[in-house]
Amino acid sequence: MTVVTRFAPSPTGFLHIGGARTALFNWLFAKHHGGTFLLRIEDTDRARSTQAAVDAILDGLSWLGLDWDGNAVSQFDRKDRHAEVAKQMLAEGKAYHCYASPEELDEMRAAQKAAGQPVRYDGRWRDRDPSEAPAGVPPVIRLKAPQTGETVLKDHVQGEVRVQNQQLDDLILLRADGTPTYLLAVVVDDHDMGVTHVVRGDDHLTNTFRQIQIYNAMGWDLPQFAHIPLIHGPDGAKLSKRHGALGVDAYRDMGYLPEAVRNYLLRLGWAHGDDEIISTEQAIEWFNLEGIGRSPSRFDFAKLESLNAHYLRQADDARLVGLVAPRIEKEMGAALTDAQRDLLLRAMNGLKQRARTLVDLAQSARFYVAARPLSYDDKARALLDDAGRAVLTELAGVFEQEPEWTAAALEARVRRFAEDKGEKLGKVAQPLRAALSGSTVSPPIFEVAELLGRAETLARMGDASKAASR
C-alpha cells in the first residue's frame with residue numbers, strides 16, 4: 001500500500017502553529033513511507049474563505065519546507081462531486097429527504113432541552129412518505145444512519161474509541177440549496193484522493209464517527225486515523241495568541257529559522273527517546289504515529305529560542321547574510337553595498353555564536369555596516385568619559401604603528417599597552433569596544449578590529465575620542 005496523507009486547512013485566516021504541526025506530521029509520515037503528501041484547501045465556507053488566507057497557507061508551508069505533491073485541491077471546486085454522492089445514497093435508500101423547516105427544528109430542540117434530553121434531530125422525516133412533503137419547500141438530504149449498535153474507531157493515538165449509534169443523529173449531507181456539508185465533502189475528497197491515513201487534531205474526533213457512517217453507507221474502505229492532542233500554553237490553558245498561537249509568518253518575522261520551527265513542532269507532542277535536536281533527515285527516518293503522545297503538549301518559547309540558537313550556529317554564513325541583510329537595510333533605510341555584505345559574511349561566524357533569533361543577529365551585526373559616527377548606547381557612552389577618550393587617543397597612536405593587523409597581534413599589543421600603564425585589560429578593551437561597536441556587547445573586540453580593518457578602526461576610535469557631546 002502506498003501511504004497517502006493530506007493536510008486540509010480552511011482558508012479563513014493564517015496558517016497557525018497548530019495547523020503547521022499537523023501538516024508537519026502528515027508530511028513526515030508520507031516521507032517516511034515513501035508516500036504522497038497532498039494539500040486540500042477546504043474553502044466551502046465561501047463567506048469566510050479568502051484568497052489572502054489561501055496565499056498565506058501556501059506561503060507558510062513553503063517557508064517551512066513542507067512541499068506537497070501535485071496541485072493544491074480546492075474543496076469548493078468539487079461541490080458537484082459531493083452532491084453526486086449524496087444523491088447516490090438517496091437513490092440507494094441510504095439517505096432521505098427531510099422537509100423540516102428551521103422553525104420546526106428550533107421547536108424540536110427547545111422541547112428536547114426542556115425535557116432534559118440530548119439535543120439532536122429526531123428523525124421525523126426518516127420513514128415518511130415523500131408524498132407528504134409540503135409544497136414549495138426545498139428539502140435537505142440526510143444520511144439514514146444506523147440507530148442501534150455502535151460505531152468503533154481504532155485510532156493510532158487515541159486507541160479504540162466507541163460511540164453508541166443512538167447518540168448520533170441523521171446528519172445533513174446536502175443542504176436545501178444543494179451545497180454539501182463539510183462532513184460529506186471531507187469523506188468524498190479523502191476517498192477520491194486515495195487518502196490512506198488521516199492525521200489531524202483531536203478536535204475532529206467526534207466528527208470521525210459521523211464520517212465513518214458515510215464511508216460505511218458508500219461501502220468505501222476506511223482510512224486509518226490518528227487524532228493528535230491539541231497544543232496548550234505553558235500554563236496548561238488552551239493555546240491563545242499570548243501563548244504563541246500566531247501565524248507561521250509571525251515566527252518568520254520574529255527571526256526563527258524554518259528548520260528550528262520544524263524541529264520544535266516535531267517535539268511538541270512526538271518523541272524519539274530523549275532526543276531533542278532532530279534533523280529533518282532523522283525526523284523522516286524515525287517518524288511514526290506510535291511516537292505521538294496522548295496528552296496535550298505545552299508551547300514554550302524558551303525551548304524554541306534555544307533550538308533556534310542551535311540552528312543559527314549551524315547555518316551557512318552566506319545564507320544568514322541573505323536573511324539579515326533585508327532587516328538591516330530596512331532599519332538603515334539604504335541598501336548594503338557589496339563591500340558591506342562581504343564584511344558581514346566575514347563577521348558572521350563570530351556574530352551567530354551569540355544570537356538566538358535573526359532579529360538578534362541583525363541587531364548585533366548592524367554596527368559593522370553603520371555609518372560614522374556611530375550612535376552609542378548609554379553604557380557605551382559612560383565608558384567614553386575623559387579617561388576612556390584619553391585611552392583611545394593614546395591607543396590609536398599605537399595601532400597606527402602596528403605592522404600586523406590581525407586579532408592576535410592587536411590583542412597582544414593592547415595587553416602590552418595596558419601592562420605598561422599598570423591597568424587591567426578591560427580598562428582598555430572596554431572603551432575600545434564602545435568605540436568600535438557603539439555598545440558594551442559585541443563579538444571579541446580584536447576580531448572586530450581585524451574585520452573592520454585599520455582605516456575604519458582608527459576612524460571610529462577618532463570619532464569616539466571626540467564623543468563628549470554625543
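1. Starting with the contacts: of those in the chain between residues at least 6 apart in sequence, 77% join residues at least 24 apart. Keep in mind while reading that this is a predicted model.

2. On overall make-up, I get 18 helices and 12 strands for the chain. Its radius of gyration is 32 Å, well over the 23 Å that the globule rule gives for 470 residues, so the chain is more spread out than a compact globule. The box tells you about the outline too: along the principal axes, the C-alpha atoms fill roughly 110 × 40 × 40 Å.

3. How much of the chain is buried? Of the 470 residues, 48% are buried. The accessible surface adds up to about 22,100 Å², and carbon and sulfur atoms account for 49% of that.

4. Now the aromatics. With ring centres required to lie within 6.5 Å, the count is 11 aromatic pairs. One of them is worth opening in your viewer: Phe-25 with Phe-287, where the ring centres are 5.2 Å apart and the planes meet at 45 degrees, so this pair is tilted. The tilted label applies because that angle is neither under 30 degrees, which would be stacked, nor over 60, which would be edge-to-face.

5. Where do those two rings come from? Phe-25 belongs to helix H1 (residues 17–32), while Phe-287 is in the loop between helix H9 (280–286) and strand E12 (297–298). The pair therefore ties together parts that are 262 residues apart in sequence. Both Phe-25 and Phe-287 are buried.

6. Another tilted pair is Tyr-251 with Tyr-256, at 6.1 Å centre to centre and with 45 degrees between the planes. Are these two tyrosines buried or exposed? Tyr-251 has a relative accessible area of 1%, so it is buried. Tyr-256 comes in at 4% relative accessibility and counts as buried as well; the cut-off for that label is under 20%.

7. Don't stop at that pair, though. Tyr-251 and Tyr-256 are part of a cluster, linked by ring pairs, that also takes in Tyr-264, Phe-299 and Phe-301.

8. Last, two spots where a charge meets a ring. Lys-79 lies over the face of Phe-76, 4.4 Å from the ring centre. Over at Tyr-121, the ring has the charged end of Arg-142 sitting over it, at 3.6 Å from the centre.

Notes: Residues numbered from 1 in each chain as written. Predicted model: local features only at pLDDT ≥ 70, side-chain atom pairs only at ≥ 80, totals over all residues. Heavy atoms only, no water. Phe/Tyr/Trp six-rings, centres within 6.5 Å; stacked < 30°, edge-to-face > 60°. Helix = DSSP H or I, 4+ residues; strand = E, 2+ residues; numbered from the N terminus. Buried < 20%, exposed > 50% of the residue type's maximum accessible area, 1.4 Å probe, protein only. Lys NZ or Arg CZ within 6 Å of the ring centre and 35° of its normal. Rg over C-alpha atoms; globule rule 2.2 N^0.38 Å. Contact = heavy atoms within 4.5 Å. Areas by Shrake-Rupley, 256 points an atom, 1.4 Å probe, with all protein chains shown as cover.
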